[in-house]
Amino acid sequence: MTRIAIVTGSGQGIGEGIARQLVNDGLTVAVADMNEENARSVAEDIGNNSKGYYVDVSDKKSVFDLVDHVIDDFGKLDVLVNNAGIAKIGTILDTKEEDFDQIMGVNIKGVLFGIQAAATQFKKQGTGGKIISASSIAGHQGFELLGPYSATKFAVRGLTQVAAQELAKDKITVNSYAPGIVLTKMWDQIDAEMAKIYDVPIGETLQKNIDSIALGRGETPADVANLVSFLADPKSDYITGQTIIVDGGIQFV
């Protein structure tokens with residue numbers, strides 16, 4: 001029977017790459033995004049009976065409703081990928097409360113709600129399942145001008161470790177992936193904002209970061225998706241509570 005996965009924030013970028021890879025692996029993907037039009041477009045493009053859905057991961061009801069809609073459409077759930085995330089660039093002293101609340105809502109609450117919704121469904125099914133969440137190399141070492149973002153990604157590691165311990169008895173594995181410098185719109189945004197702050201040309205900050213990568217190139221969504229593919233596969237059944245770095249050789253831990 002075809003396995004069913006939900007990937008949040010999969011209307012573009014890393015999430016889209018993950019959705020495409022999971023379909024290549026034979027899964028049907030619920031492509032979930034705040035931009036429902038993008039989600040539907042990606043789902044139609046990747047095929048294998050995939051379907052687009054709206055979700056606001058910062059809203060608990062929206063996340064639980066998403067899981068309910070997927071169950072109504074496909075009858076079960078096997079994998080949830082908590083991929084949705086945002087970045088805010090600026091100094092700690094300049095961080096506005098509303099910006100802090102927004103990034104916490106998406107990057108941490110979204111992961112918590114996703115874990116809760118997926119685990120609730122997995123327990124109902126009695127089948128176990130896989131929960132995979134987005135951390136970052138900024139969740140292993142804080143990045144200058146990305147304070148709140150770094151904090152959220154450290155927090156994802158903590159939630160992953162605790163959920164893995166609590167849900168192991170239900171045969172639910174919980175892991176995270178920690179990408180590096182992924183060449184997506186998010187890093188274009190980070191580069192543009194840092195260009196203003198440091199008064200350097202656009203592209204300089206991004207290139208500086210790429211130059212720090214041992215494998216000598218920027219990361220693609222497919223690089224991240226290959227790791228998620230493994231974590232979503234039965235081959236990873238004996239791995240839980242881990243946050244695995246996929247950065248081409250920036251951090252060595």
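The protein chain holds eight helices and seven strands; helices here are DSSP runs of H or I with at least four residues, strands are runs of E with at least two, and both are numbered from the N terminus. The model is a predicted one, so local features are reported only at pLDDT of at least 70 and side-chain atom pairs only at pLDDT 80 or more, while totals for chains, interfaces and linings use all residues. Residue numbers start from 1 along each chain as its sequence is written, and side-chain values rest on heavy atoms, with hydrogens and water left out.

Overall dimensions come first. For 253 residues, a compact globule would be expected to have a radius of gyration near 18 Å, and the protein chain, at 17 Å, agrees with that; the radius is taken over C-alpha atoms, and the globule rule is 2.2 Å times the number of residues to the power 0.38. The C-alpha trace spans about 55 × 35 × 35 Å along its principal axes. Of the 253 residues, 51% count as buried, where buried means under 20% relative accessible area, exposed means over 50%, and partly exposed lies in between (1.4 Å probe, protein chains only). The chain exposes about 11,900 Å², of which carbon and sulfur atoms supply 51%; these areas come from the Shrake-Rupley method with a 1.4 Å probe, and for residues only the protein chains shown count as cover.

Contacts (heavy atoms within 4.5 Å) reach a fair way along the sequence: taking those between residues at least 6 apart, 67% join residues at least 24 apart. As for charge, the mean positions of the 22 positive and 33 negative charges sit 7 Å apart. Lys and Arg count as positive and Asp and Glu as negative, with His and the chain ends not counted; each charge is placed at NZ of Lys, CZ of Arg, CG of Asp or CD of Glu.

Now to the inside. In soluble globular proteins, nonpolar side chains tend to be buried together. The largest nonpolar core here has 30 residues, and Ile6, Ile131 and Leu167 have the most contacts inside it; such a core is a set of buried Ala, Val, Leu, Ile, Met, Phe, Trp, Tyr and Cys residues joined through side-chain atoms within 4.5 Å. At least two residues of this core come from each of β1 (4-8), β2 (28-33), α3 (60-74), α4 (97-125), α5 and β6 (172-179). Helix α4 gives the largest share, eight residues. A second, separate core has 27 residues, among them Ala5, Leu22, Val31 and Leu231. Back in the largest core, Leu167 is in contact with Ile115, Ala119, Lys123, Ile131, Ile172 and Val174, leaving aside neighbours within four places in sequence.

Two backbone spots stand out. Most residues other than glycine have a negative phi. Asn49, not a glycine, has a positive phi of about 65°, and Leu145 also has a positive value, near 70°. Asn49 is in the loop between α2 (36-46) and β3 (51-54), and Leu145 is in the loop between β5 (129-134) and α5 (147-167). Their surroundings contrast: Asn49 counts as exposed because its relative accessibility is 59%, whereas Leu145, at 8%, counts as buried.

A few other residues help to tie the elements together; the contacts listed for them leave out residues up to four places away in sequence. Lys76, in the loop between α3 and β4 (79-82), counts as buried because its relative accessibility is 16%. Lys76 touches Met1, Thr2, Arg3, Ile4, Val70, Ile71 and Gln125. Gln121, 45 residues from Lys76 in sequence, is 8.2 Å from it in space, C-alpha to C-alpha.

Gly85 follows in the loop between β4 and α4 and, at 30% relative accessibility, counts as partly exposed. Val106, Asn107 and Met186 are touched by Gly85. In helix α7 (residues 204-211), Ile210 is buried at 13% and touches Ile181, Leu183, Arg217 and Gly218. The C-alpha atoms of Ile210 and Gly180 are 9.5 Å apart, with their places 30 residues apart in sequence.

Finally, strand β7 (residues 243-246) includes Thr243, which is buried with a relative accessible area of 16%. The contacts of Thr243 take in Ser135, His140, Arg157, Ser176 and Ala178.
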